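Q: Could you take me through one strand in close detail, covering its burial and its pairing partners? A connected answer would suit me best.

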Amino acid sequence: METLAAVSDEALITELKKGVKSAFGHLYTRYSKLVFHRCFSICKDRDLAFDLSQEVMLKAWENINQFRGESKFSTWLYVIATRHTLLYLSRNKRVSTDSSAIPDEVESKDDSEENNIVMMALISHLPPDERQLLLLKYKEGESVEALGHALHLSASAIKMRLKRSRERLNALYALALTYGLESALNSFEMM
Amino acid sequence: MIFQAPRVVFPFHGGKFSLSSYAWAKELAGKVHLPFYVFCALSPENLFSKIHIYHEMLEADGYYFTHYPGHASDKTHVRIKTGDFLPTFQRYLQCHPSDIVVVDQRQDFSDVEHASGLMAYPNGLIFLRSCEGITQDNFSHILANAEIHHLPSDFYLHSHRGGYVSKLLRNWIGREN
């Protein structure tokens with residue numbers, strides 16, 4: 001059991017997927033503080049961040065089979081922590097919004113326009129090949145097969161690249177909505 | 001008397017503590033299906049170290065999941081109060097007589113003054129003597145060696161049977177104080 005403490009993330013994850021549950025403890029020790037700080041950076045509440053970080057770690061355990069090693073484990077956790085915290089905050093915000101029960105269509109349109117601007121700004125900061133792929137697929141409506149043909153890649157490789165880009169963009173988008181565009185752009189290197 | 005949902009409480013004064021004792025206390029909470037709480041009190045000038053407390057707890061949870069693997073839903077609740085530790089904790093015990101307190105003797109509770117201070121309250125108390133060589137298998141052994149106060153006398157005999165202990169504890173908690 002103790003010998004697992006010195007092994008790589010990849011080996012621990014393999015063990016965990018095989019059912020060696022103690023591997024989770026080592027991953028927990030390694031990454032729960034990182035997750036805590038990620039949650040705290042969003043919610044600005046230490047008590048809540050502690051609760052959320054536990055939930056994020058347990059969620060990661062429950063969904064470990066969905067981690068396919070295409071990114072670093074820390075990046076995967078970072079995305080889960082970001083989404084989980086934002087979801088928590090939005091749910092709580094939604095409760096108070098619902099209680100006021102005054103929908104404002106004009107504001108929604110403005111929000112939507114602003115969100116599009118944010119998204120385009122984020123896309124424009126992506127590496128050129130990643131940006132081109134996303135724009136061709138989602139703006140120009142090119143098919144996966146056509147993109148594969150144009151870029152000399154298989155359809156599955158295109159799908160994988162699109163998936164990674166979407167995940168990265170989603171995390172950055174969430175950051176931008178919470179902290180502003182500048183903070184999100186500064187986070188590019190961390191992702 | 002207003003019924004209060006019982007909890008397993010691990011007091012932590014912010015200094016050194018035994019990860020093994022923490023893990024044992026959390027495992028006890030899981031076995032008897034009670035929520036697990038860490039109680040901590042910090043003086044106002046030390047409140048900056050709140051984040052340190054959370055770091056310690058996350059570290060301790062990592063230890064717990066390593067040594068007691070298999071409890072995916074166990075969560076630690078932390079209550080941090082402001083004030084000197086012992087009087088603050090005593091006030092807490094007064095308000096939560098149903099809680100079961102697991103004391104790590106490596107903390108400052110081992111001396112007579114503190115121990116008797118805690119025993120003045122009706123809470124169940126478990127003073128752990130040693131948790132070395134902790135494994136899932138020796139959970140009962142550690143309990144058998146512990147000093148137990150205000151809990152049913154045969155509590156430790158049945159500790160490996162979570163359902164039974166849970167019933168036992170609930171009967172005890174539901175007693176007239």
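A: Happy to! Two strands count as paired if DSSP finds at least two bridges between them. With that in hand, look at strand 4 of chain B in this predicted model: strand 4 pairs with strand 5 (residues 124–128) of chain B in the parallel sense, over five bridges. One example to pick out on screen is B:Val103, whose bridge partner in strand 5 of chain B is B:Phe127.

Strand 4 of chain B also has strand 1 (residues 8–12) of chain B as a partner; these two run parallel as well and are joined by two bridges. Here B:Val8 has B:Ile100 of strand 4 of chain B as its bridge partner.

Now for burial. Strand 4 of chain B spans residues 100–104 and is mostly covered, with five of its five residues buried. In a regular strand, side chains alternate between the two faces of the sheet, so it helps to take each side in turn. On one side of strand 4 of chain B sit B:Ile100, B:Val102 and B:Asp104, and on the other B:Val101 and B:Val103; all are buried, so both faces are covered.

Putting the two views together, B:Ile100 is buried on one side of strand 4 of chain B and is the bridge partner of B:Val8. B:Val103, in turn, is buried on the other side and is bridged to B:Phe127 of strand 5 of chain B. If you colour the strand by side, B:Asp104 goes with B:Ile100 and B:Val102.

Key. Residues numbered from 1 in each chain as written. Chains lettered and ligands numbered in written order. Predicted model: local features only at pLDDT ≥ 70, side-chain atom pairs only at ≥ 80, totals over all residues. Buried ≥ 20, exposed ≤ 12 C-beta atoms within 10 Å, placed from the backbone. Helix = DSSP H or I, 4+ residues; strand = E, 2+ residues; numbered from the N terminus.
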